[in-house]
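Please open the model in your viewer and keep the selection panel at hand. The tour goes from one contact to its wider surroundings and then moves elsewhere.

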Amino acid sequence: MDFISILSIFVMACFVGYYVVWSVTPALHTPLMAVTNAISSVIIVGALIAAAADGSTTAKWLGLIAVALASVNIFGGFAVTARMLAMYKKKER
Amino acid sequence: MEHVAPPAWVMLAYLISGVFFISALRGLSSPATSQRGNRFGMAGMLIAVVTTLVTHEVASLPEILGAIAIGGGIGWVTARKIAMTDMPQLVAAFHSLVGMAAVLVAAAAFLNPVAFGIVGADGLINPVSRVEMGLGIAIGAITFSGSVIAFLKLAGKMSGAPILLPLRHVINLTTLAAILGLIGYFTVDQSPWIFWTVTALAFLIGFLLIIPIGGADMPVVVSMLNSYSGWAAAAMGFTLHNTAMIITGALVGSSGAILSYIMCKAMNRSFISVIAGGFGAEAAATGGPAKEQRPWKRGSAEDAAYMMQQAESVIIVPGYGMAVAQAQHILREMADVLKKQGVSVKYAIHPVAGRMPGHMNVLLAEAQVPYDEVFELEDINSEFAQTDVAFIIGANDVVNPAAKTDKTSPIYGMPVFDVDKAKTVFFIKRSMGGVGYAGVDNDVFYMDQTMMLLADAKKMCEDIVKALQH
């Protein structure tokens, strides 16, 4: 992909993000932070590429550490979000 | 080696992953759909990880699975065990990990550019990729060191008071300019020293940016770091030409930016002034000594119980003090007893109550307060005038009428609850000595209809519940 198509995706995604996030109810702002934390760990994709590749041992180990760090975030972030969201209950009628 | 475009299905898989992430955030528009949203997020992540693994020659699968298991295990256990009151520091700690992961990925890409497909025909790293990875490592490093400081402050391992270095604005701007200049120079000269100097300076500025910011500005800082972690992921997405990373980075980046904006607006402060830091210190210096001793009334748990039983409606205004005292559970019990006796009970949440956006809502949800009894500032503020009792627990600045009337007050212009319009006000506070974070006196203490309940918030609620059950 050339730079311009990537940039277009990025700019569009910023707009999507803008509208989607404004629609999030303020009561859920803490879970929002926890879940955005979890999904920003999609950086694990880069970490996996580094960890999987031959060529540089240092790069491989940096990649593996990054995989571990991102995994803390992915599992921790989604789990803690799920835990929080399960607590939000409506009034029993 | 030119960058070879991956097969169409791979691009499609990453795109789908990105769409799942958008749906994850969309789900949070209401508590009813939020859990499904979270599962969308997990699905998106699974797709991204599996796609990456099957499309690369993996030379070290056992090590990778080991790293995922170790990291995942730590994350999972932490998430199960963490107390809800500790959520702000957990989120800060998680941000630091994203930042560090971005630093490591960018460093790995620099050391092994062939694996990332960013080497041009001349055998050097593409200039565009150099800028992207320079930005990626810089934002990642700022996110890391900034989040570590935020974590230490939120966890109470470091004083929440602002630390003000002389000439800090000059130092910060110079460092920032140096980082940008070096990234620019990096496009013509890919010497390692440039890359590592950028990294070191970025770690330094992350640290410098957060130490002058005081405890109550933490909601803005946590949101801002949230935003940075997103931009770091996006920058690496540019380097890797990966749609999932770019979409996610943009989502997270905008999310954090919007939350910072909401927090700043709720404090009537500009983003720049928060980042410039030192709010608490300056206010204490210019606020001057407390005004003359004014008369105030002390109430008891029995008074509060009696008045609330007689009331038709009670609005509870919780603040950070409730979290510190862990009073949310007993508060809900108190509300339950009142509701059984026919009193209408509502909760009013200020956007900056607590140490991160939505902090109070989570604590009340933890205490099983139904979310339809919890209201935002603008939805409930007009109701105070028709309310019999305003019950303030652990909040202070967010109910201070000086924000509406006193142009010299450091919190002037901040939207506040009109508790002064309620017929009776109960104000739980540890002692009359301490003033709120902003260091300003609060007229609500001295109003005729106010009774101060001087005690630990949890203890006071327990006593009120006892008195209510008599």
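Begin by selecting B:Glu63 and A:Lys60, which form a salt bridge whose closest N and O atoms lie 3.3 Å apart; bear in mind throughout that this is a predicted model. Across the interface of chain B and chain A, the rule finds 1 salt bridge, while the count of residue pairs in polar contact between these chains, with both residues at pLDDT 80 or more, is 17.

Next, widen the selection to the side of chain B that touches chain A, to which several helices of chain B each supply at least two residues, among them helix 1 (8-27), helix 3 (61-81), helix 5 (127-154) and helix 15 (359-366). Colouring the residues of this side by class divides them into 65 nonpolar, 26 polar and 10 charged. In total, 101 residues of chain B are in contact with 79 residues of chain A, and the two chains bury about 8000 Å² between them, 79% of it on carbon and sulfur atoms.

Now move to strand 5 (residues 424-429) of chain B, where 6 of the 6 residues are buried, so the strand is largely enclosed by the rest of the structure. Showing side chains here, you will find B:Thr424, B:Phe426 and B:Ile428 pointing one way and B:Val425, B:Phe427 and B:Lys429 the other way, all of them buried.

Finally, add the neighbouring strands of chain B: strand 4 (residues 389-393) runs parallel to strand 5 and is joined to it by 5 bridges, and strand 6 (residues 450-454) pairs with strand 5 in the parallel sense, over 5 bridges. Centre on B:Phe427, which stands opposite B:Ile392 and also opposite B:Met452 in strand 6 of chain B.

Note on methods: Residues are numbered from 1 along each chain as its sequence is written. Chains are lettered from A and ligands numbered from 1 in the order in which they are written. This is a predicted model: local features need pLDDT of at least 70, side-chain atom pairs count only at pLDDT 80 or more; totals for chains, interfaces and linings use all residues. Side-chain values use heavy atoms; hydrogens and water are left out. Buried means under 20% relative accessible area, exposed over 50%, partly exposed in between (1.4 Å probe, protein chains only). Helices (H or I, at least four residues) and strands (E, at least two) are DSSP runs, numbered from the N terminus. Two strands pair if DSSP finds at least two bridges between them. Contact means heavy atoms within 4.5 Å. Buried area is the accessible area (1.4 Å probe) that two parts lose on being put together, summed over both. A salt bridge is a side-chain nitrogen of Lys or Arg within 4 Å of a carboxyl oxygen of Asp or Glu. A polar contact is a pair of N or O atoms within 3.5 Å; within protein, one must be able to donate a hydrogen and the other to accept it, and residues adjacent in sequence count only if both atoms are side-chain atoms. Ala, Val, Leu, Ile, Met, Phe, Trp, Tyr, Cys and Pro count as nonpolar, Asp, Glu, Lys and Arg as charged, and the others, Gly among them, as polar.
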